[in-house]
Every structure is written in structure tokens, then in C-alpha cells.
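Me: I have a structure to study, and I would like to go through its pockets, charged pairs and strands step by step. Can we take it as questions and answers?

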Amino acid sequence: MRKSNYSEKFSITRFSPDPFLVIEYLLMARINTNYDKLSAGYLFPEIARRTNAFLEVNKGTQVLRLGIGDTTEPIASAVLDGLHQGVKNLGNAETYSGYGPSEGVLPLRQGLADLYGEHGVKLDPSEFFVSDGAKSDSANIQGIFSEDCVIAVQDPAYPVYVDSNVIAGRTGEATDSGYEGLVYMPCTEENGFFPELPSGKVDVIYICSPNNPTGAVATKEQLKKFVDYANAHKAVILFDSAYASFITDPELPRSIYEIDGAETCAIEMNSFSKTAGFTGVRLAWTIVPKTLMTEDSEAGKVHALWTRRQNTFFNGASNIVQAGGIAALSAKGREQTNAQVGFYLENARIINDGLKSLGITTYGGGNAPYVWLKTPGGLTSWEFFDKLLNECHVVGTPGSGFGPAGEGFFRLSAFGHRENVEKAVESIKDNLKI
Ligand code: PL4
């Protein structure tokens, strides 16, 4: 019997005299067992599960949700006009469009390049890849790197960075201190929630600033150290700046490309989700500079790989939504969306002030939509979750869900209607027993 390369992989196909048995084995599907390594249920559905369990027992209770970072305010009128225009265009033969370029329409990519230009960052529109989310991009981007790359993550971190690498097989098993084989860079009170450089050589480094969950924003000096490390070690930084529009301090960088040298070592992801209220609409972008290099590739290669990846797996963001994105970048759109960002930052101030008045230690919130609090009385993060839910009917996010160094901390999201945020803060002030 002639054996294909495929059948060489399975000893049964080589030695079995029964051709049907061969076929049976060749058709047998096997799962990606890396999924079995994932420590527990995904954080946010787990919070929803526990909240629903509470509501089952306490029927009719009004639960105040400061858990998930999800926008609540209606989309600004200028942006809405853009979305409407996108719909109208589809109803007219002259303006109708079908599949577009997988990397996004040029006016949107140009608008994004212009936005960066305002901060002195020169990028070509062709270096922008428009997508349906920073979450999917930050999960997918690892796929263009070698399987044996050593990955470093801030600890705590948005779970997607870790989980996508676990699924891709770059880690060992989960332990109490995290996944084997993954380099955790602790972000603690002592280091102002920005990590030290890794002590050994790592290949891919995830940095999120403004940070989810701690609300800390990296300074130019802090980022410069990482950029120099990455260039020296031919490592790549994956920089998630999904909350950049929440930075009000002009000294703080909104993009890693404000740092000299980042164009050869960093990929940046950002999103319209939190800026324009697009969490349900879905629109984001990833920047892969043509100057980026790795240990085994010259300038242009990583850009080409991501282009190839997107062309193969993705058919572009919705044309209606891209019209909304273009409107969000207009002068009017930016004025209105900035006002919304300001609204959420005011929520963060209200939460911060309320907690501080109780003597609770808090961080973040000033240039980010998250308040990161130290659990009172040395409670674990999940113990505090239960306490806050039971005593105050407020839902937040346990810090330990973001990584081992998040234990003993808790995240409150500043996204919410003002009335609900105020009610939540009042309830904490009135009912939390500390
Ligand atoms: C809940 C650092 C939220 N179901 O909307 P996207 O995909 O463009 O951006 C997602 C995203 C990207 N990067 C960072 C983020 O914090 C987020 C959104 N995070 C949160 O509460 O932490 C929403 C989470 C969503 C999820 O599972 O991601």
C-alpha cells in the first residue's frame, strides 16, 4: 500500500493490514488539548454566573454593575450620522460597496495615520490594519510568531494575552503562581504597577497602557527601557493602548511610537470600543510598522506576515462601521467622543473619592476608566467580590482573575450611567462592613 506523508504520522497506518482501519484512523479528529490547560472558566462569564446565582437567591434585588468595562452612553450624534451614512450608501447603486480590503478602507486608515501625526508620530496608512476588535487582534497576533517564543506578560493583565498563548501551546500547565513557561512581570504597589525588565531573554512582551486592570499609565521613561530592551534582544513588544483616549496628562504617551526606537520593535493595538462607544458596534486597529524586525526577519517581513494572515482569515470590518469610524475621527466626532471619555473619567473620580472616604486604598482612575483597589482586611479578591455583592449589591472584578499578582486587589469599572455609579458608591459607603 502506498503511504501518504499524512499516514506516516500514525504507526497504526503503517502496520495495519486492514485498509478500512487505516481510513478510520486517518479521519479521526483530535482536539487541541492546550484548551484543557486553561485554568478555569473565562473571567467575565464567571462573574456573570456568580451574579446570576446571587440573583436567583435574592430575587428582585437591584444589582449595580461596575464589573465589565463596557460603555453605556449613547453613541455621539456625529458618529451616528456616519453610521447612518454608511447604511444609506448601501441603498444606492453608485455608492454601494461589497467586500472591501481586509485591512480597511483608505480614508479610515488615513484618518488614523493623521491622528497619530498630531502626536508627532509618523506612520503610513498602509501600516494600519483595521479590524473588528482589539481583543481578537491581541489574541490572533501571537499566531505570526514562532511556537517556541518565550512570552512575557504584565501581571495582572487582560486575560486574552495569556490565554491565547496557552491555547497556542507556548506554556506548560497552570500552577498556583501562573502557567509554567510564561514569564510574569509583576505590577505591584512597590513598582507603581509598571514592571521591571525581564531578568532573562524573552521574545514577545505584552504591555497594556493605560493598564487594564490597574489603571496605571506607563511614562515615556518606563516605556523607553522596554523599547531599548526589545531592540537589544530583538524582542517584539505588543502594546495594547485600547484606553489611550483616557489619558489627560499631556506628559504621558498615548502611543508607544512616541518613544524613539519603537518603530523597529513594537506592534500597537487600539480600538474605537471605549472611545466611541463601539463595544457592540466593533471596530479597532493594529499597527505593524514596516520597519519592525525580529531575530530572524528583516524590515517588512512581519508587516507582510500580518497582511497575509488578515487576507487569509479576515474579510474586513463592516463597511457601515468603518463609515462610523471615519465620522468618529472628524473634528465634531472627536469633540463629542472626548466629552464622553470625560464623562467616564468623572465616574472614576466619583468612585475613587467614595472609596477613599472609607479609608480604602485605591489606584488608577485619573487617566484610565478603571479604579484598582486594595481589598480591605486582607480579603482575597473573590472573598471581596462576594462581600461587595452580598452587602452592597455591587458587582466588580476580582484582581486575581487577571493573574497571580492581582490577588488581594479588585477592579471597579467607571463605565456606567451616572445615576448607577452614584448609587453604587453610596451603597458601598452605607453598607460595606469594614
Ligand atoms: C469583556 C486592554 C473589557 N467580553 O472591544 P475590543 O475588542 O476592541 O477591545 C477589548 C479590549 C482590548 N484591550 C483591553 C481591554 O481591556 C479590552 C476590553 N476589556 C474589560 O472589562 O476588561 C471588556 C471585557 C469582553 C472580553 O471578554 O474581553
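Me: What volume does the largest pocket have?
Reply: Keep in mind that this is a predicted model. Rolling a probe the size of a water molecule over the atoms shows where empty space is left. For the largest pocket, that space comes to about 700 Å³.

Me: Which residues are closest to the centre of the largest pocket?
Reply: The lining of this pocket has 27 residues. The closest to the centre are Ser39, Ser400, Gly401, Phe402 and Gly403.

Me: Which helices and strands each supply at least two residues of that lining?
Reply: Two helices and two strands can be named here. The helices are α4 (43-57) and α8 (159-167). The strands are β4 (174-175) and β5 (178-179).

Me: How many nonpolar residues are in the lining of the largest pocket?
Reply: Sort the lining by class. There are 8 polar and 5 charged residues. The nonpolar ones number 14.

Me: Now the second largest pocket. Which residues lie nearest its centre?
Reply: This pocket holds about 470 Å³ of space. Its lining has 21 residues: 10 nonpolar, 5 polar and 6 charged. Helices α7 (134-140) and α10 (273-276) each supply at least two of them. Nearest the centre lie Gly69, Lys135, Tyr158, Tyr243 and Lys274.

Me: On to charges. How many salt bridges are there?
Reply: Side chains of opposite charge can pair when their charged atoms come close. The cut-off used here is 4 Å, from a nitrogen of Lys or Arg to a carboxyl oxygen of Asp or Glu. By this rule the count is 13.

Me: How far apart in helix α4 are Glu46 and Arg50?
Reply: These two form a salt bridge, with their closest N and O atoms 3.1 Å apart. Glu46 and Arg50 also belong to a network of salt bridges with Arg49. Along helix α4, about one helical turn separates Glu46 from Arg50, because they are apart by 4 residues.

Me: Which salt bridge partner does Glu189 have, and what parts does the pair tie together?
Reply: Glu189 sits in the loop between β6 (183-186) and β7 (204-208), while its partner is in strand β12 (residues 370-374), so the pair ties together parts 185 residues apart in sequence. Glu189 is partly exposed at 26% relative accessibility, and the partner is partly exposed too, at 34%. The closest N and O atoms are 2.9 Å apart, and the partner is Lys374.

Me: Is Arg349 buried, partly exposed or exposed?
Reply: Arg349 meets Glu346 in a salt bridge, at 2.7 Å from N to O. Both are in helix α13 (residues 331-357), and they are 3 residues apart, so about one helical turn lies between them. Buried means under 20% relative accessible area, and exposed means over 50%. Arg349 has 40%, so the class is partly exposed.

Me: Last, the strands. Which are the edge strands of the open sheet of 4 strands?
Reply: The order is β11-β12-β15-β14, with antiparallel pairing. An edge strand pairs on one side only. That description fits β11 (362-364) and β14 (397-398).

Me: Which residue in β15 is the bridge partner of Trp372?
Reply: Strand β15 (residues 409-413) pairs with β12 in the antiparallel sense. The two are joined over 5 bridges. The partner of Trp372 in β15 is Arg411.

Technical notes. Residues numbered from 1 in each chain as written. Predicted model: local features only at pLDDT ≥ 70, side-chain atom pairs only at ≥ 80, totals over all residues. Heavy atoms only, no water. 1 Å grid on protein atoms, 1.4 Å probe; cavity = no way out; pocket = protein on both sides within 12 Å on 5 of 7 lines; lining within 4 Å. Points joined across faces, edges and corners; volume = space filled by probe spheres on them. Nonpolar A, V, L, I, M, F, W, Y, C, P; charged D, E, K, R; others polar. Salt bridge = Lys/Arg side-chain N within 4 Å of Asp/Glu carboxyl O. Buried < 20%, exposed > 50% of the residue type's maximum accessible area, 1.4 Å probe, protein only. Pairing = 2+ DSSP bridges.
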